[in-house]
Amino acid sequence: MLRIHVPSAEARLYGGGGVCCCVGTGFLRGWRVRPTDSGAGNLLAISDLHIGYAENRALVENMRPETDRDWLLVAGDVSETVDDVRWALETLRDRFEKVVWVPGNHELWTHPKDPVQLRGVARYEHLVSLCRELGVLTPEDPYPVWEGPGGPAVIAPLFLLYDYTFLPQGCATKEEGLAYAHGTGIVCTDEHLLHPDPYPSREAWCRARVAETERRLAEVPEGLPVIPVNHYPLDRHPMDVLWHPEFAMWCGTAATADWHRRFRVETMVYGHLHIPRTTWHEGVRFEEVSVGYPREWRKRPGPPGTLRRILPMEVEAGDGGAASGVGGGRGEPR
Ligand SMILES: [Fe+2]
Ligand SMILES: [Fe+2]
C-alpha cells in the first residue's frame with residue numbers, strides 16, 4: 001500500500017484494498033472561511049492543461065503552490081502524448097506535497113503523433129504505471145484523506161468515462177444521438193482515437209468503471225465527506241450552458257446522477273467542458289477547474305492557469321452559488 005504524507009497526521013487511506021485505519025470525526029458539511037494561517041496548506045485543483053500548446057506548457061512551468069503543504073488535483077486532459085503527461089506531472093510533483101491525477105479523454109487517445117500506440121485499458125494502465133513511478137496518485141490507489149484546513153475529507157480520484165446517456169433532446173438512443181451529432185457536425189474526436197479495447201465499446205468500459213467505483217465509494221467510512229475528482233461531472237446540470245448540447249453525449253453518464261447525495265459529496269471537481277465556474281446542485285458544490293485552449297482562456301477575465309482552491313472554502317454557505325467562471329458554454333469538439 002502506498003504511504004501518503006498528510007499534514008499534521010499519519011497517512012490515512014481508504015479503498016483499493018480496504019480501509020487502512022479509521023478517523024473518528026463527525027461528518028463535516030459546514031463551509032469554511034479561509035484561515036489566517038495560510039501556511040497550513042490548501043487543497044487546489046486544475047484540469048485540461050492541454051500542454052501540447054506552448055502557451056499552456058508555459059502556464060504549467062509557472063504553476064506554484066501557495067504553501068509547501070498544498071495538494072493539487074489534476075482532473076484530466078494534460079495532453080495526448082505519454083511524454084507530455086510525464087513532463088507535466090513530474091513538474092507538478094516536484095512542487096506540491098501531493099499530486100492526484102485522473103485521466104481525461106485526451107490522455108486516452110491513441111494519437112498518431114505519440115510513439116506509445118497502446119489502446120484502451122492497456123494505455124490507461126501504462127499511464128497509471130507512470131504515475132506510480134512518479135509518486136502521483138491515480139484512481140487505482142487507495143483514496144487519500146485531506147487533513148489540512150477544511151478537512152478531513154476523502155479525496156476520491158475517479159475514472160468513469162461516458163456512455164452516451166446524456167442524449168440530445170428528442171433522441172431516444174445512442175444511434176439517434178450520434179446521427180443527430182453527425183448532422184450538426186459536432187462529433188467528439190474520441191470516436192476516432194479513444195479505443196475501448198478489450199471492451200467491445202466505450203459504454204461497456206464505462207459500465208465496468210462505474211460498477212467498480214460504486215463499490216469502492218460505498219466502503220468510505222460514513223463519518224467522512226467525499227471530494228470526487230473526475231474528468232466529467234457526476235451530474236448533467238453543467239451541460240445546460242453548452243452551445244452545442246449534443247456534445248453532452250461525450251461528457252459523462254446518467255448512472256452517477258445521484259452519487260453526490262449517496263456518497264456524501266462535499267465538492268465535486270471536474271473539467272472537460274472548458275467552462276471554468278462554480279455551480280451548486282442540490283446543495284453540493286461542483287467545481288469546473290479547466291484551463292482549456294489558448295483561444296478560450298484569452299477571452300476570459302483574470303490570469304489563465306489559476307489554481308482553484310477547493311479547501312479551505314473561501315466563502316460562507318449561503319453565498320448563493322454564484323458562478324465564479326465565465327458563462328456561455330462552447331461545447332465544441334475536444
Ligand atoms: Fe479538455
Ligand atoms: Fe476532455
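# Exercises on a predicted model

Helix α2 (residues 82-93) lies across β3 and β4, and its direction makes an angle of about 150 degrees with that of β4. Such angles run from 0 to 180 degrees between N-to-C directions, along axes fitted as lines to C-alpha atoms, for helices over the stretch in contact. Helices (H or I, at least four residues) and strands (E, at least two) are DSSP runs numbered from the N terminus.

The model is predicted, and local features need pLDDT of at least 70, side-chain atom pairs count only at pLDDT 80 or more, and totals for chains, interfaces and linings use all residues. Residues are numbered from 1 along each chain as its sequence is written, while chains are lettered from A and ligands numbered from 1 in the order in which they are written.

## Exercise 1: the whole chain

State how many helices and strands the protein chain has, and what share of its residues is buried.

**Solution.** Begin with the secondary structure, which comes to nine helices and eleven strands. Next, take burial: a residue is buried if 20 or more other C-beta atoms lie within 10 Å of its own, exposed if 12 or fewer, and partly exposed in between, with C-beta atoms placed from the backbone. By this rule, buried residues make up 45% of the 334 residues in the protein chain. Finally, consider contacts, where two residues count if their C-beta atoms, placed from the backbone, lie within 7 Å. Among contacts between residues at least 6 apart in sequence, 77% join residues at least 24 apart.

## Exercise 2: an open sheet

Find the order of the four strands in the open sheet that contains β3, and work out which strands stand at its edges.

**Solution.** The order of the strands is β4-β3-β2-β11, and their pairing is mixed; two strands pair if DSSP finds at least two bridges between them. The edges are held by β4 (98-101) and β11 (308-311), and because each has a single partner strand, one side of each is left without a neighbour in the sheet. Neighbouring strands of this sheet are turned against each other by 25 degrees on average, direction ignored. Strands of a sheet pair through backbone hydrogen bonds, either parallel or antiparallel. Strand β3 (residues 71-74) pairs with β4 in the parallel sense over four bridges, and Leu 73 has Val 100 as its bridge partner in β4.

## Exercise 3: the two sides of α7

Decide where the buried residues of helix α7 fall around its axis, and name what they pack against.

**Solution.** Helix α7 (residues 202-218) has 17 residues and reaches 24 Å from its first C-alpha to its last, close to the 24 Å expected at 1.5 Å a residue; the expected span is 1.5 Å times one less than the number of residues. The buried residues of α7 are Arg 202, Trp 205, Cys 206, Arg 209, Thr 213 and Leu 217. Seen down the axis of α7, these residues fall within an arc of 95 degrees, so they line one face of the helix, the arc being that of the directions from the helix axis to the C-beta atoms. An α-helix has 3.6 residues a turn, so residues three or four places apart point the same way. The buried residues of α7 pack against β6 (153-157) and β7 (226-229), whereas the face turned away from the buried side carries the exposed residues Ala 211, Arg 215 and Ala 218.

## Exercise 4: backbone details

Locate the cis peptide bond that ends at Pro 152 and the one that ends at Pro 312, then place His 50, whose phi is positive.

**Solution.** The peptide bond from Gly 151 to Pro 152 is cis, with omega near 5 degrees, and Pro 152 sits in the loop between β5 (143-146) and β6. The bond from Leu 311 to Pro 312 is also cis, with omega near -5 degrees, and Pro 312 is found in the segment after β11. As for His 50, its phi is near 45 degrees, a positive value in a residue other than glycine. His 50 belongs to the loop between β2 (43-46) and α1 (54-61), and is buried, with 28 other C-beta atoms within 10 Å.

## Exercise 5: Tyr 270 and its surroundings

Determine whether Tyr 270 is buried or exposed, and list its contacts beyond four places in sequence.

**Solution.** Tyr 270 lies in strand β8 (residues 267-270), and because 27 C-beta neighbours lie inside 10 Å, Tyr 270 counts as buried. Leaving aside neighbours within four places in sequence, Tyr 270 is in contact with Ala 75, Asn 230, His 231, Tyr 232, Pro 233 and Glu 288. The C-alpha atoms of Tyr 270 and Leu 73 are separated by 9.7 Å, although the two residues are 197 residues apart along the chain.
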